[in-house]
Amino acid sequence: MAEPFASFDASSSLSFADVDPGDDQRWSTWPAITPSERGPQPWPAWVVTSAGALDTELGILKTGKEADVFLIERAVPDDPTQRTLLAAKRYRSEEHRSFHRSAVYTEGRRVQNSRDGRALAKKSSFGRGVAAAEWSFAEFNALCRMWDLGAPVPYPVQVNGTELLMEFIGTDATAAPRLAQERGDRRVLADYFTQIVDIMRIFAAAGFAHGDLSPYNLLVHDGRVRVIDLPQIVDIIANPQGLDLLHRDCVNVCDWFIRHRVECDAEDLFAELMASSYT
Ligand SMILES: Nc1ncnc2c1ncn2[C@@H]1O[C@H](COP(=O)(O)OP(=O)(O)OP(=O)(O)O)[C@@H](O)[C@H]1O
Ligand SMILES: [Mg+2]
């Protein structure tokens, strides 16, 4: 695996000569980020914007086929008021990644820069790098869009090449459990189901399906359900597979709840969401 912080350039940090980033640290990447690659305004109060902040890698939350998720602390040394935890999702750009997110999701999505488009088509190494960054930008944009619509997604702090930084959902340094791990009583689970349907309604009303919704991409934190893993959200109408993917999301969610004795019907849910996406 590539050294996550290996590209840190110590020469750019001379103005903070009295603080030396350690091996697992870098200067905050926020100051160098293009404004359009920062999260939606207003920035939540907890977002640390100081150029004097350090990013410290605290550990890996999950390694995956396409991306690894790390826990990062962004903090101004000796200033406890400027300290926050972030989840850093880093898409793989090398050969050892095996994308399961197929062309199904990308139909209807255009690559803006034609050089990037040609490189992608030729699958050159530059093209593979573009593909990884395409996914991080796709997820960043999806998070921004859904955040603006009020959906309970992690706040997208910034995207920088293949790395997406977002709000860490958890308590202290422990990530919130996935819905798949929940063993609450039936009433609690029924409440989670209602929350998930509300999330699906927000997506559908904007014309989108999550596209990979499952109990693994739903986190439960303080009784509230948050949805993650959005790079493949699909336009229900423009994507020829849109309705199939929306249907699969409904089935994945309802199957889990039915197994946990919460009454629901995937076909009814699908019909309702489909209707709301056309109105
Ligand atoms: N913002 C976050 N806050 C806390 N934990 C997170 C966050 N984002 C991701 N995680 C953790 O990392 C895991 C993987 O994240 P995500 O589903 O986005 O990546 P993935 O590479 O698509 O993984 P998978 O292939 O398992 O779906 C999540 O199940 C969750 O445990
Ligand atoms: Mg996932």
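Helices are DSSP runs of H or I with at least four residues, strands are DSSP runs of E with at least two, and both are numbered from the N terminus. By that count the protein chain has six helices and twelve strands.

Some ground rules before we start. This is a predicted model, where local features need pLDDT of at least 70 and side-chain atom pairs count only at pLDDT 80 or more, while totals for chains, interfaces and linings use all residues. Residues are numbered from 1 along each chain as its sequence is written, chains are lettered from A and ligands numbered from 1 in the order in which they are written, and side-chain values use heavy atoms, with hydrogens and water left out.

**Exercise 1. Find the protein donors of the magnesium ion (ligand 2).**

Step 1. Look for donors, meaning N, O and S atoms within 2.8 Å of the metal (3.2 Å for Na, K and Ca); water is not among the atoms, so sites may look incomplete.

Step 2. You'll land on Asn 217 (OD1) and Asp 229 (OD), 2.1 to 2.2 Å from the ion.

Step 3. Now place them. Asn 217 sits in the loop between β9 (208–209) and β10 (218–221), and Asp 229 in the loop between β11 (224–227) and β12 (234–235), so the pair ties together parts twelve residues apart in sequence.

Step 4. Check burial (buried is under 20% relative accessible area, exposed over 50%, partly exposed in between, with a 1.4 Å probe and protein chains only). Asn 217 is buried at 8%, and Asp 229 is buried at 13%.

**Exercise 2. Work out where the largest nonpolar core lies.**

Step 1. A nonpolar core is a set of buried Ala, Val, Leu, Ile, Met, Phe, Trp, Tyr and Cys residues joined through side-chain atoms within 4.5 Å. The largest one has 46 residues, and Ile 196, Phe 203, Leu 230 and Phe 257 touch the most other members.

Step 2. Ask which elements contribute. Those giving two or more residues include α3 (125–148), α4 (186–205), α5 (242–259) and α6 (266–278). The largest share, nine residues, comes from α4.

Step 3. Domain 1 (16–171) and domain 2 (176–277) both give residues, so the core lies between them. Those bounds come from an automatic or database domain assignment.

Step 4. Zoom in on Ile 196. Skipping neighbours within four places in sequence, Ile 196 has contacts (heavy atoms within 4.5 Å) with Leu 179, Leu 213, Leu 218, Val 225, Val 253 and Phe 257.

**Exercise 3. Decide how the buried residues of α6 are arranged around its axis.**

Step 1. List the buried ones: Ala 266, Leu 269, Phe 270, Leu 273 and Ser 277.

Step 2. Look down the axis. These residues fall within an arc of 100°, so they line one face of the helix. The arc is that of the directions from the helix axis to the C-beta atoms.

Step 3. Recall the geometry: an α-helix has 3.6 residues a turn, so residues three or four places apart point the same way.

Step 4. See what lies on either side. The cover over the buried residues of α6 includes α4 and α5, while Asp 268 and Tyr 278 are exposed on the other side.

**Exercise 4. Do the same for α5.**

Step 1. Its buried residues include Leu 245, Leu 246, Val 253, Trp 256 and Phe 257.

Step 2. The buried residues of α5 fall within an arc of 165°, so they line one face of the helix.

Step 3. Turned away from that side are the exposed residues Asp 244 and Arg 259.
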